[in-house]
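Biologist: I'm new to this one. Could you walk me through how to read it?

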Amino acid sequence: MTSLKELQESFQRGILAGDDTILSEIKDSAKEERTVLFGVYRHAYVARLAELLADDYEQLHAYLGDAGFAKLAKSYIAAHPSNRKSARDFGRHVPEFLKTDAGFSKHPELAEIARLEKALADAFDGPDAEPLALAKLAEIAAELWPKLVVTPHPTAIRLTFTTNASDIWSDLHDGNAPPPARLLPEPQAILVWRQDVTARFRLLGPEEAMMWDEAAASTRFGVLCEMVATYGGEEGADFRAASYLKDWVDMGTLAGCRLL
Amino acid sequence: MAAAKPPFLGFGLGLRPQHYGEILAGSPAVDWFEVLSENYMIEGGQPLRMLDQICERYPVVMHGVSLSIASTSPLDLDYLARLKALAERVNPVWISDHLCWTGVHGVNLHDLLPVPYTREALDHVVDRVSQVQDFLGRRLTLENVSSYVTFGQSEMTEWEFVSEVAKRADCWLLFDVNNVYVSAFNHGFAADDFLNGVPRDRVVQFHVAGHSHEESHIVDTHDHPVCDEVWDLYRAAVAHFGPVSTMIERDDNIPPLAELVDELEHARSIAREVLARPLVGNPRLAAAE
């Protein structure tokens, strides 16, 4: 008798690789042949995973259309059999897959739309943390501000896009026709995070993006002001740096601060 | 391990994100909720916040789909640790999963795959259930799955297999009425034989659900209202097992909450009629367990 281990391996190969060896272990029913009955499992595997991908990448699905998305799902499922307990983790390689697949990578906006959707999903159920309150910053004496270091909210994710994928995503999300895909003259910095229970993203200008990245790397506020001055001009540099910081606090992108 | 059989909770629903707002805003006629364990094995955000609020107001049971109790690959200790951590947060009345396997060699096929009803598989499952129960420090509840194939090597019926697992591993059973109906149709056995073949004192929960009929076979899709034939089998199950915590399971084409509450009311009326006395879940009893 085939052992349980061998039976399960054969059953799995039958689903993943179309191997028919398992059919010799299965009986026809009174009403149906074994190939059709085993086919229920083969079909369910692909259908369920394709549905998971469509749930996770809703705007990418809208952008590609049913046929285009089905093609993506089929090749992704073949390339990445699921090895995680959580169904939500199954689609985690989609952005990378779109970036490296010979066919899909010709349309760089696809990987970036997927990257944005994945970042929003990750932010949605990322770790909880109380956002930094403006009142806490107000307690810090003016002469100590140069030593101030802030901590990003644990759900914050920084992205840099080369295409107008964020515009495409926004239009699709709002039910509008998306603009034609195009490469941007300069890379676009994006910040994704969760505000209360809603995952959001925001486009950052080059100066703000530079300051965010430095702040996230625990650079002190005094040094950040100098960097902003170097980046965008000395005039009003401290004010610009303070404005960015206040915006971040208002939007809940920070979780804490300390003096270093 | 605690010996007392879990209490009768009354009539419950599977907790689905689409209904969070309605549940918390109103007081739907739902006695308890079943939550999908894997959906809450996350770090934070709205799902966990909603879960905490539901747990404050209702008895909750946890239902998983990834334990893979019958797999011949080693138990996933990381998954078990996360399941245990979630149980500490939720304090569920019981924890259930399926009598099936979901993959081998690290692959998860995200399906509830059938087990051959052999003595070898029985020994294997009993040993695994014992390991899981030792790890969790509580009894596990196992559900019979819908299946589409019959293995030539099977040496006993499904109900004999299920019953032996429950007795030897000392675990509870979740009697899925729809799955019994589906498997009975697919394999040509009498659903009543299954019903009568399962030990009465082991069954702590019923699932009632809809399915898709493909003429030569039925697929367990949970995307339709419960059909008359499944209600008939539910009626027979209540008559046989007595008051058992009952739940409507809907995973796809999820309707407004009110529609599921109506379906649940139908289950309640059947149980009331069969047992000829009012049945009321006792959340206080559940909380005290």
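Modeller: Happy to, and keep in mind that this is a predicted model. Start with the domains: the C-alpha centres of domain 1 and domain 2 of chain A are 40 Å apart. Domain 1 covers 1–91 and domain 2 covers 107–260.

Biologist: How many residues of each domain are in contact?

Modeller: Six from domain 1 of chain A meet ten from domain 2 of chain A. On the domain 1 side, α3(A) has the largest share, with four residues. That side splits into four nonpolar, one polar and one charged residue.

Biologist: How do α3 and α5 of chain A cross?

Modeller: For a helix pair, look at the crossing angle. Here the axes of α3 (58–79) and α5 (108–124) of chain A come within 8 Å and cross at roughly 155°. Anything over 145 degrees counts as roughly antiparallel, so that is how α3(A) runs relative to α5(A). A:Gln59, A:Leu60 and A:Tyr63 of α3(A) make the contact with A:Leu110, A:Ile113, A:Ala114 and A:Glu117 of α5(A). By class, that gives five nonpolar, one polar and one charged.

Biologist: Which element gives the most to the side of chain A that touches chain B?

Modeller: That's α2(A), with nine residues. In total, 41 residues of chain A and 40 of chain B take part. The chain A side divides into 19 nonpolar, nine polar and 13 charged residues.

Biologist: And which strand of chain B is joined to β1(A)?

Modeller: Look for bridges between strands. Two of them join β1(A) to β6 (150–151) of chain B, and the strands run antiparallel. There, A:Lys27 stands opposite B:Thr150.

Key. Residues numbered from 1 in each chain as written. Chains lettered and ligands numbered in written order. Predicted model: local features only at pLDDT ≥ 70, side-chain atom pairs only at ≥ 80, totals over all residues. Axes fitted to C-alpha atoms, helices over the stretch in contact; angles between N-to-C directions. Helix = DSSP H or I, 4+ residues; strand = E, 2+ residues; numbered from the N terminus. Parallel < 35°, antiparallel > 145°, perpendicular 65-115°, else oblique. Contact = placed C-beta atoms within 7 Å. Nonpolar A, V, L, I, M, F, W, Y, C, P; charged D, E, K, R; others polar. Domains from an automatic or database assignment. Pairing = 2+ DSSP bridges.
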